[in-house]
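Trainee: I would like a close look at one part of this chain. Please take me through it step by step and tell me how far to trust it.

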Amino acid sequence: MPSNGKAAFVFASAAVISSVLMLLILAPVQQTQGYSNGAPTVSCGDMIPQHGVEAQFGPSPFLINLMDGEIVLMDNSVHLELRSSDPQIAFEGYFIMAFDKNDHSANPRPIGRFKQSANDVKVMDCPGGMQNAITHSTNVKKSSVTLEWFPPENYSGQVVFRTTFVKGKSTFWVKQESKSVSFVMETTSKGSPKAPMTGPNGSGSSSSSTVWAGLIAASLLAFLLVR
Ligand SMILES: *[C@@H]1O[C@H](CO)[C@@H](O)[C@H](O)[C@H]1NC(C)=O
């Protein structure tokens, strides 16, 4: 009897352990499905694709190119290029939002809006705005995507773009941050920022006033000597 009971206990334990193992093995398989037609709105908060697997921690082979430079006139749009740094590596999906660089809150609010263009893009509404996120519309492999984004009206400040790149269902990088774009009120010419008055221009005006002071002193002296 005791040996029978022991055998039954071992059998029952083995059954429980194997069921648990089966669940552990099966559960991720059921969750590991990508979203071929773009990120779901539940990704708005953490920007993590709901693929049921962990994000990559190493450097991403993908980057965000600011095609209009890092200084843009107020109310002008920003053209972005998402692209692969390695022609051999393509991405299938992406999810991008713009944030004020100084918004350090736990849940920063995505700002501005993206343009729905013809290529592989799908504009989304995330909490706090409209058309404030953009994702892929198909999971076709791509080496580059160009996007256009409009800042909020009269916005002056610094914007950063954060992108989640999906290389494949189980390989993705979350919240890759772009360089910041500063919105300024005026520029000397289109695209180039107004330079602060330092350097050759600034010192030029002060040296010319020195020359004038010298001339006035010299003529005063000459006037006194002649008299
Ligand atoms: C933007 O600035 C213009 C001119 O100062 C003003 O008329 C307009 O109301 C502003 N818009 C917003 C949304 O603040």
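How many bridges join S5 to strand S8, and do the two run parallel or antiparallel?

Mentor: Keep in mind from the start that this is a predicted model. S5 and strand S8, which covers residues 144-150, are joined by 2 bridges and run antiparallel. One residue pair can be named: Phe114 has Trp149 in S8 as its bridge partner. The wider setting is an open sheet of 4 strands, in the order S1-S3-S8-S5, with antiparallel pairing. Its edge strands are S1 (62-66) and S5, each of which pairs on one side only. As background, the strands of a sheet pair through backbone hydrogen bonds, either parallel or antiparallel.

Side chains also connect this region. Lys115 and Glu148 form a salt bridge, with 3.6 Å from N to O. Lys115 is in the loop between S5 and S6 and Glu148 is in strand S8, so this pair links distant parts of the chain, 33 residues apart. The two ends differ in how they are covered. Glu148 counts as buried because its relative accessible area, 16%, is under the 20% cut-off. Lys115 has a relative accessible area of 39% and is partly exposed. In general, side chains of opposite charge can pair when their charged atoms come close.

Now follow the chain on from S5. Asp120 sits in the loop between strand S5 (113-114) and strand S6 (122-124). Asp120 is buried, at 15% relative accessible area. Beyond its neighbours within four places in sequence, Asp120 is in contact with several residues, among them Tyr94, Thr135, His136 and Lys142. Ser137, Thr138 and Val140 are also in contact with Asp120. For a distance to check on screen, take Asp120 and Thr146: their C-alpha atoms are 9.3 Å apart in space, while the residues are 26 apart in sequence.

The salt bridge beside S5 can be set against others in the model, where the count comes to 5. One of them joins Lys179 and Glu70, at 3.8 Å from N to O. Lys179 is in the loop between strand S10 (171-177) and strand S11 (181-184), and Glu70 is in the loop between S1 and strand S2 (71-73), so the pair ties together parts that are 109 residues apart in sequence. Lys179 is exposed, with a relative accessible area of 56%, whereas Glu70 is partly exposed at 42%. Another salt bridge is formed by Arg162 and Glu177, whose closest N and O atoms are 2.8 Å apart. Arg162 belongs to strand S9 (residues 158-168) and Glu177 to strand S10, so this pair ties together parts 15 residues apart in sequence. Arg162 is buried, at 13% relative accessible area, and Glu177 is partly exposed, at 47%.

As for trust, the mean pLDDT of the protein chain is 79, and 67% of its residues reach 70 or more. Confidence is highest in S5, at 97, and lowest in helix H2 (residues 200-226), at a mean of 52. Two stretches call for care. Over residues 25-32 pLDDT stays under 50, and the model has 8 contacts for them beyond four places in sequence. Over residues 195-206 pLDDT also stays under 50, with 1 such contact. Where pLDDT is low, the predicted coordinates should not be read in detail.

Key
Residues are numbered from 1 along each chain as its sequence is written. This is a predicted model: local features need pLDDT of at least 70, side-chain atom pairs count only at pLDDT 80 or more; totals for chains, interfaces and linings use all residues. Side-chain values use heavy atoms; hydrogens and water are left out. Buried means under 20% relative accessible area, exposed over 50%, partly exposed in between (1.4 Å probe, protein chains only). Contact means heavy atoms within 4.5 Å. Two strands pair if DSSP finds at least two bridges between them. A salt bridge is a side-chain nitrogen of Lys or Arg within 4 Å of a carboxyl oxygen of Asp or Glu. pLDDT is the predictor's confidence in each residue, from 0 to 100.
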